[in-house]
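Trainee: I am new to this structure. Please pick one part and take me through it closely.

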Amino acid sequence: QVQVVESGGGLVQPGGSLRLSCAASGSIFSIRDMGWYRQAPGKQRELVASITSDGGTNYADFVKGRFVISRDNAKNTVYLQMNSLKPEDTAVYYCNINLLLQNYWGQGTQVTVSS
């Protein structure tokens, strides 16, 4: 009933930047927390950043100072601005939204950082 679609991934060289977008649609009344997770091959999915309905943010230590999460409530969209990208940032990035008592996941978007 709720769809979450990410975009903005791609191939970028080390030190470059990408901006990921995640738009939710469907039976949406009010979105609470939104966040970005990532999963590299052979590794567990991990939290990258999250943002509350009031704009409070939380970042994983490995992206602090490089990534910025933001949201546009009117568009039901969350963004992840990724700067100073490193090869170890290579992963599939997943958007997650918290709607009432249910979490919804996007399909994932591939980010590859390579020279």
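**The four-stranded sheet and its surroundings**

Mentor: Start in the middle of the sheet, where S3 and S8 pair in the antiparallel sense over six bridges. This is a predicted model. At one point along that pairing, Ser21 stands opposite Tyr79 of S8.

Now widen the view. The sheet is open and has four strands, in the order S1-S3-S8-S7, with antiparallel pairing. Which strands stand at the edges? They are S1, residues 2–7, and S7, residues 67–72. Each has a single partner strand, so one side of each is left without a neighbour in the sheet. From one strand to the next, the twist averages 15°.

Take the S1 edge. S1 pairs with S3, which spans residues 18–26, in the antiparallel sense. Six bridges join these two strands. Val4 faces a partner here: Ala24 in S3 stands opposite.

Stay with Ala24 for a moment. Is Ala24 buried or exposed? Ala24 is buried, because its relative accessible area is 9% and the cut-off for buried is under 20%. Leaving out residues up to four places away in sequence, Ala24 touches Gln3, Val4, Ile31, Asn76 and Ile97. Phe62 is another matter: 38 residues separate it from Ala24 in sequence, and the C-alpha atoms are 27 Å apart.

Cross to the S7 edge. S7 and S8 are antiparallel too, again with six bridges. Phe67 has Met82 in S8 as its bridge partner. The two strands form a hairpin with four residues between them. Asn76 takes a positive phi there, near 50°. Asn76 is also among the residues that Ala24 touches.

Now look at S8 itself. Five of its six residues are buried, so call the strand mostly covered, with buried meaning under 20% relative accessible area. One of the residues to follow is Leu80. Beyond its neighbours within four places in sequence, Leu80 is in contact with Leu18, Arg19, Leu20, Trp36, Val48, Ala49, Phe67, Val68, Ile69 and Tyr93.

Leu80 leads on to the core. The largest nonpolar core has 30 residues. Trp36, Leu80, Met82 and Tyr93 have the most contacts inside it. Which elements give two or more residues to this core? S1, S3, S7 and S8 do, and so do S4 (31–39), S5 (46–51), S9 (91–99) and S11 (109–113). S9 supplies the largest share, five residues.

Two ring contacts deserve a look as well. The charged end of Arg19 sits over the ring of Tyr79, 4.2 Å from the ring centre. Recall that Tyr79 stands opposite Ser21. Elsewhere, Arg45 lies over the face of Trp105, at 4.7 Å from the ring centre. As for rings with rings, a search of the whole structure finds one aromatic pair.

Arg45 brings us to Gln39, a residue of strand S4. Gln39 touches Arg45, along with Gln44, Ala91, Val92 and Tyr94, not counting residues up to four places away in sequence. Take Ala91 from that set. Gln39 and Ala91 are 52 residues apart in sequence, yet their C-alpha atoms are 5.3 Å apart in space. How covered is Gln39? Gln39 is partly exposed, because its relative accessible area is 27%, and partly exposed lies between 20% and 50%.

Notes
Residues numbered from 1 in each chain as written. Predicted model: local features only at pLDDT ≥ 70, side-chain atom pairs only at ≥ 80, totals over all residues. Heavy atoms only, no water. Pairing = 2+ DSSP bridges. Axes fitted to C-alpha atoms, helices over the stretch in contact; angles between N-to-C directions. Core = buried A, V, L, I, M, F, W, Y, C linked by side-chain atoms within 4.5 Å. Buried < 20%, exposed > 50% of the residue type's maximum accessible area, 1.4 Å probe, protein only. Contact = heavy atoms within 4.5 Å. Phe/Tyr/Trp six-rings, centres within 6.5 Å; stacked < 30°, edge-to-face > 60°. Lys NZ or Arg CZ within 6 Å of the ring centre and 35° of its normal.
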